Amino acid sequence: MKAIRLAALYQASGPFASVTLEVGHDDENGDHEHALRVRAAHDQLLDTGADPKVVELVTERLSELVDQPAPVTRTVVANADGVQLDEVMQARVEQPKVAWGPLPELDTWLTLHEIGGTRFVLAVVDHVGGQVSICSAAVPEPLQETSAGGETFHVHQVPTGGWSALRYQHVVENVWKENAAAVAEEITRLARHGESLVLLAGDPQSKPKVLEALGSIPAEVMVLDTGTRAEDGGDEALQQAVREALFAHTVARGVSLAHELAERRGRDNAVATGVAEVADAFVRGQVETLLIDPAASDGLVLDPTRHPGLSLGAIPLDGPLPASAALVAAAAVTAADVSVSRARALGGQPVAALLRWDQPAEGSSL
């Protein structure tokens, strides 16, 4: 995932209360069980020494009922200024994550995203324009939805003869291009704000025009073989195409990252492994993709004072911090990607990084 979407979170000052909790309602006892889970998280936060006012903010948000089929997990991060992150995913978490500390604790949230919470832009287009939505594989409804284009005057070609026919055809094609350009502009805006995957669906004649208007953008674009927009939003063919594309994307990305890391480690080129090396690479602005095993990195610390120049947003750098949380913060403020992996794929290390260029570390400070 593009960690830049978390950048605003790290411009807030800590300490933070972080809770990832299952909030679904499986049966008739769902309300009662939900209340018990929220109360347990409330008590755990207080036991950690969390600010009672922040605890109440988190508890109030977690207590809200989520109208989605189970399983449903909610992640809430708050500080003294209010709730800074609130995201619902259609996923199950066996063990709630409750933390209070100088940094948000997002290990469980990141793992759920890696498993099935991929965010993506879905653009369903036709000659009139398109519906451009930010979606998550873990949430059935779009997180954000925008209509682009919309010009309908002369949008249909009609069989006329003579010079007027040619002129009319040019007008129609220009309208199509204008609508395609409007869709492309919205997609590009979202890509520049951190959305890294775009699924393009809809009319076969309109998709090439949108692709042409897109040009080169900082996102992967996958074209789906589906028809026009369904008026009732219930196009099962489109939904199936999206599921297949997301599965292919996740598998391909995981395999690609593992192979890339292994190859670079073999050449000892543009790669960093271990907490200290990765932190030093962040200082130099080298990190393209942070690879992290949350379980293996649990309990490890990173002391920013031993890595001068390390940026973690608004977080004070005057003492040791949880290593995984600090590295995710560094990824967010430097626009790096983050991918959850396993230590065995990271050369036995809890963290590794694919770098933008090669520059060997000049000695480790940790």
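**Exercise 1. Strand 8 and its neighbours**

How many bridges join strand 5 to strand 8, and do the two strands run parallel or antiparallel? Work out also what lies on the other side of the pairing and how strand 8 is covered.

*Solution.* Keep in mind throughout that the structure is a predicted model.

Step 1. Strand 5 (residues 119-126) and strand 8 run parallel, and five bridges join them. Within this pair, Val 121 has Val 198 of strand 8 as its bridge partner.

Step 2. Strand 8 is also joined to strand 9 (residues 220-223), again in the parallel sense, by four bridges. Here Leu 197 stands opposite Glu 220 of strand 9.

Step 3. Taken together with helix 5 (residues 206-214), strand 8 and strand 9 make a right-handed β-α-β unit.

Step 4. Six of the six residues of strand 8 (residues 197-202) are buried, so the strand is largely enclosed by the rest of the structure. This holds on both faces, since Leu 197, Leu 199 and Ala 201 are buried on one side, and Val 198, Leu 200 and Gly 202 are buried on the other.

**Exercise 2. An open sheet and the helices on it**

Find the order of the strands in the four-stranded open sheet, and explain why strand 3 and strand 4 each have one side without a neighbour in the sheet.

*Solution.*

Step 1. Strands of a sheet pair through backbone hydrogen bonds, either parallel or antiparallel. In this sheet the four strands follow the order 3-2-1-4, and their pairing is antiparallel.

Step 2. Strand 3 and strand 4 (97-101) stand at the edges with a single partner strand each, so one side of each is left without a neighbour in the sheet.

Step 3. On average, neighbouring strands of this sheet are turned by 5 degrees against each other, direction ignored.

Step 4. Inside the sheet, strand 1 (residues 16-22) pairs with strand 2 (residues 73-79) over six bridges in the antiparallel sense, and Glu 22 stands opposite Thr 73 in strand 2.

Step 5. Helix 1 (residues 30-47) packs on the sheet by touching strand 1 and strand 4, and its direction makes about 155 degrees with that of strand 1. Helix 2 (residues 52-63) also packs on the sheet, touching strand 1, strand 2, strand 3 and strand 4, with its direction at about 155 degrees to that of strand 2.

**Exercise 3. The nonpolar core and helix 9**

Which residues touch the most other members of the largest nonpolar core, and which helix gives the most residues to this core?

*Solution.*

Step 1. The largest nonpolar core has 46 residues, of which Tyr 10, Leu 106 and Phe 282 touch the most other members.

Step 2. Several elements supply at least two residues each to this core, including strand 3 (82-89), helix 3 (107-116), helix 7 (275-283) and strand 11 (287-292). Helix 9 gives the most, with nine residues.

Step 3. Of the 11 residues in helix 9, 10 are buried, so this helix is largely enclosed by the rest of the structure. Among them are Ala 323, Ser 324, Leu 327 and Val 328.

Step 4. Leaving aside residues up to four places away in sequence, Leu 106 touches Leu 6, Leu 9, Tyr 10, Thr 75, Val 77 and Leu 85.

**Exercise 4. Backbone angles and exposure**

Decide whether Ala 270 and Ala 335 are buried or partly exposed, and describe what is noteworthy in the backbone at these residues and at Pro 15.

*Solution.*

Step 1. Most residues other than glycine have a negative phi, and most peptide bonds are trans.

Step 2. Ala 270, in the loop between helix 6 and strand 10 (271-273), has a positive phi of about 55 degrees although it is not a glycine. Its relative accessible area is 6%, and because buried means under 20%, Ala 270 is buried.

Step 3. Ala 335, in the loop between helix 9 and strand 14, likewise has a positive phi, near 60 degrees. With a relative accessible area of 35%, Ala 335 is partly exposed.

Step 4. Pro 15 lies in the segment before strand 1, and the peptide bond leading from Gly 14 to Pro 15 is cis, with omega near 5 degrees.

Step 5. For contrast, consider Arg 264 in helix 6 (residues 236-267), which counts as buried at 11% relative accessibility, and Gly 299, which is exposed at 67%. Arg 264 touches Ala 270, one of several contacts that also include Glu 288 and Leu 354.

Key
Residues numbered from 1 in each chain as written. Predicted model: local features only at pLDDT ≥ 70, side-chain atom pairs only at ≥ 80, totals over all residues. Heavy atoms only, no water. Core = buried A, V, L, I, M, F, W, Y, C linked by side-chain atoms within 4.5 Å. Buried < 20%, exposed > 50% of the residue type's maximum accessible area, 1.4 Å probe, protein only. Contact = heavy atoms within 4.5 Å. Pairing = 2+ DSSP bridges. Axes fitted to C-alpha atoms, helices over the stretch in contact; angles between N-to-C directions. Right-handed = clockwise from strand over helix to strand, strands pointing away.
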